[in-house]
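Here are a few worked exercises on the empty spaces and overall build of a protein chain. Have the model open beside you and try each task before reading its solution.

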Amino acid sequence: MSVWKRISNLFAKPEPPKAEKSMLQLAPGDICEVSLVTYEVTGRVHNRGRNAVVLTLQDGARIAYLHIEERETVQYALYTPIDGRLDSPEEVPSIIDLDDHVFHLEEEYGGHVSIAGRTPFMQGGEQHVWQYQSDDYKLLRIEWQNGRFMLYEGEKVIPGDVRVIRAT
């Protein structure tokens, strides 16, 4: 290395440190912890219009879905898939009685989603979502995309119970 190159390296600015990924930025291959359980992120569904992400999480054979939405604050909900069937999006009710819980429709929305990794839906596109809550704070989520329904039940997770372990 030449003398001039060594001198110029002395005055060069150091590279800025890489910014840590937030939970909204996680992608397949990353590791996170939710309520003291460590998961690998295997899929990601991103609704850019709502600044929301649903991460497919895997811990061994167990699969869960973490819904993250940034509004005034970042809100988290952890879901597991359930069996159920609906015939058409026009027939989704506003009140659902399921396993001794009565769920009331809180929010209904649609939007374009992009998909990465393993998710319930194989490709991006228009997705319609119905989100419900029961009086005892249980959550129910229904998604419809490409003629297929997915149903999930879950609960809210406080932000202190969610953290990034390793991001690639």
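**Exercise 1. Find which residues line the second largest cavity, and sort them by class.**

Solution. Start with the lining itself: Val45, Val54, Thr56, Tyr65, Pro120, Glu143 and Tyr152 surround the second largest cavity of this predicted model. Next, sort them: the lining divides into 5 nonpolar residues, 1 polar and 1 charged. Tyrosine and proline count as nonpolar here, so Val45, Val54, Tyr65, Pro120 and Tyr152 make up the nonpolar group. Thr56 is then the polar residue and Glu143 the charged one. Finally, the space: this cavity holds about 40 Å³.

**Exercise 2. Describe the largest cavity: what is its volume, and which elements line it?**

Solution. First, count the cavities: there are 2 of 30 Å³ or more. The largest has a volume of about 90 Å³. Its lining has 14 residues, and those closest to the centre are Asn47, Tyr109, Val113, Gln127 and Arg141. Now move from residues to elements: strand 2 (37-47), strand 3 (52-59), strand 7 (101-117) and strand 8 (125-134) each give two or more residues to this lining. By class, the lining has 7 nonpolar, 5 polar and 2 charged residues.

**Exercise 3. Work out which strand gives the largest share of the lining of the largest pocket.**

Solution. Begin with the space, about 300 Å³ in the largest pocket. Of the 18 lining residues, Gln75, Ala77, Gln131, Leu139 and Lys156 are the closest to its centre. The candidates that give two or more residues are strand 4 (62-70), strand 5 (74-82), strand 7, strand 8 and strand 10 (148-157). Among these, strand 5 provides the largest share, with 5 residues. To finish, check the classes: 9 residues of the lining are nonpolar, 4 polar and 5 charged.

**Exercise 4. Place these spaces in the whole chain: how many helices and strands are there, and how does the radius of gyration compare with that of a compact globule?**

Solution. The chain has 1 helix and 11 strands, with the helix coming before the strands from the N terminus on. UniProt, in an unreviewed entry, places a DUF4178 domain at residues 28-158; that span is 0% helix and 69% strand. For the dimensions, a compact globule of 168 residues would have a radius of gyration near 15 Å, whereas this chain has 20 Å. Its C-alpha atoms fill a box of roughly 75 × 35 × 30 Å along the principal axes. As a last step, look at burial: 39% of the 168 residues count as buried.

Methods. Residues are numbered from 1 along each chain as its sequence is written. This is a predicted model: local features need pLDDT of at least 70, side-chain atom pairs count only at pLDDT 80 or more; totals for chains, interfaces and linings use all residues. Side-chain values use heavy atoms; hydrogens and water are left out. On a 1 Å grid over the protein atoms alone, a cavity is a set of points where a 1.4 Å probe fits but cannot get out, and a pocket is an open set with protein on both sides within 12 Å along at least five of seven lines; lining residues have an atom within 4 Å of a point. Grid points are joined across faces, edges and corners, and a volume is the space filled by probe spheres set on the points. Helices (H or I, at least four residues) and strands (E, at least two) are DSSP runs, numbered from the N terminus. UniProt positions are given in the numbering used here, feature names are shortened, and annotations may be inferred rather than shown by experiment. The radius of gyration is taken over C-alpha atoms; the globule rule is 2.2 Å times the number of residues to the power 0.38. Buried means under 20% relative accessible area, exposed over 50%, partly exposed in between (1.4 Å probe, protein chains only).
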